[in-house]
Amino acid sequence: VLSASDGIALGVGTANTASNVLDDYEEGTWTPSPSSGSLTAYGTTWYVKVGNLVTCSFYLYDFSGGTGTDQVVINGLPFAFKGGTEAFFNVGPSGGTNSLPSSTIAITARIGQAGNTSLYFGLGKQGAAAAAMLYNQLGSGHYPATFSYQTA
């Protein structure tokens with residue numbers, strides 16, 4: 001067991017400057033909340049925060065209640081992202097069926113597009129511009145991801 005009430009100095013040398021001290025560690029769970037309708041989170045949606053880097057995980061399915069024209073936005077990230085450091089990552093799908101356009105090559109999420117504690121789902125397409133993912137495209141699909149982002 002390692003314990004240090006003032007943090008742990010990292011790096012080479014003896015300088016104990018604020019930029020070299022790890023004094024912030026937290027872990028817990030968070031609750032994903034769609035901007036429209038409802039969803040089910042399988043298992044635990046967890047996060048670990050070390051300094052200003054947050055790593056989160058989710059496995060979402062059973063989306064219902066959103067209209068076909070609503071963009072898929074998931075709210076409730078445990079920490080606000082640091083402005084100017086938006087993060088992008090791929091999301092499932094894993095199991096179930098969806099109604100994605102045939103040109104879709106990836107489902108991506110973007111932190112910071114729809115708010116400072118939200119994920120915006122988008123569709124990467126082959127030979128076409130990326131587009132927002134809509135609720136009517138989710139189907140009965142399962143959507144897992146583990147991702148990291150910077151917080152202020």
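A residue counts as buried under 20% relative accessible area, as exposed over 50%, and as partly exposed in between. Those cut-offs apply to the residues discussed below. The model is a predicted one.

Start with the whole chain. It has zero helices and 13 strands. Along the sequence, strand follows strand, in the pattern β-β-β-β-β-β-β-β-β-β-β-β-β. Of its 152 residues, 30% count as buried. The chain exposes about 8,200 Å². Carbon and sulfur atoms supply 49% of that area. Now take contacts between residues at least 6 apart in sequence: 62% of them join residues at least 24 apart.

Next, the charged pairs. Side chains of opposite charge can pair when their charged atoms come close. How many salt bridges does the count come to? The count comes to two.

One salt bridge joins the side chains of aspartate 24 and lysine 49, at 2.2 Å from N to O. Aspartate 24 sits in the loop between β2 (21–22) and β3, while lysine 49 belongs to strand β6 (residues 46–50), so the pair ties together parts that are 25 residues apart in sequence. Are the two partners buried or exposed? Lysine 49 has 8% relative accessibility; this is under 20%, so lysine 49 counts as buried. Aspartate 24 has a relative accessible area of 26% and is partly exposed.

Another salt bridge links arginine 110 and glutamate 86. Their closest N and O atoms are 3.2 Å apart. Arginine 110 lies in strand β10 (residues 104–111), and glutamate 86 in the loop between β8 (73–75) and β9 (87–90), so this pair ties together parts that are 24 residues apart in sequence. Glutamate 86 has 32% relative accessibility; that value falls between 20% and 50%, so glutamate 86 counts as partly exposed. Arginine 110, at 25% relative accessibility, also counts as partly exposed.

Now turn to the nonpolar surface. Which residues form a nonpolar patch there? They are Leu22, Tyr25 and Val50. Together they have about 260 Å² of accessible area. Tyrosine 25 lies in strand β3 (residues 25–29). Its relative accessible area is 53%, which is over 50%, so tyrosine 25 is exposed.

Finally, set the patch beside the aspartate 24 pair. Strand β2 spans 21–22 and strand β6 spans residues 46–50. The patch includes Leu22 and Val50. Lysine 49, the buried partner of aspartate 24, lies in β6.

Terms used: Residues are numbered from 1 along each chain as its sequence is written. This is a predicted model: local features need pLDDT of at least 70, side-chain atom pairs count only at pLDDT 80 or more; totals for chains, interfaces and linings use all residues. Side-chain values use heavy atoms; hydrogens and water are left out. Patches are made of residues with over 30% relative accessible area and no salt bridge: like charges are joined within 9 Å, nonpolar side chains (Val, Leu, Ile, Met, Phe, Trp, Tyr) within 5 Å. Accessible areas come from the Shrake-Rupley method with a 1.4 Å probe; for residues, only the protein chains shown count as cover. A salt bridge is a side-chain nitrogen of Lys or Arg within 4 Å of a carboxyl oxygen of Asp or Glu. Helices (H or I, at least four residues) and strands (E, at least two) are DSSP runs, numbered from the N terminus. Buried means under 20% relative accessible area, exposed over 50%, partly exposed in between (1.4 Å probe, protein chains only). Contact means heavy atoms within 4.5 Å.
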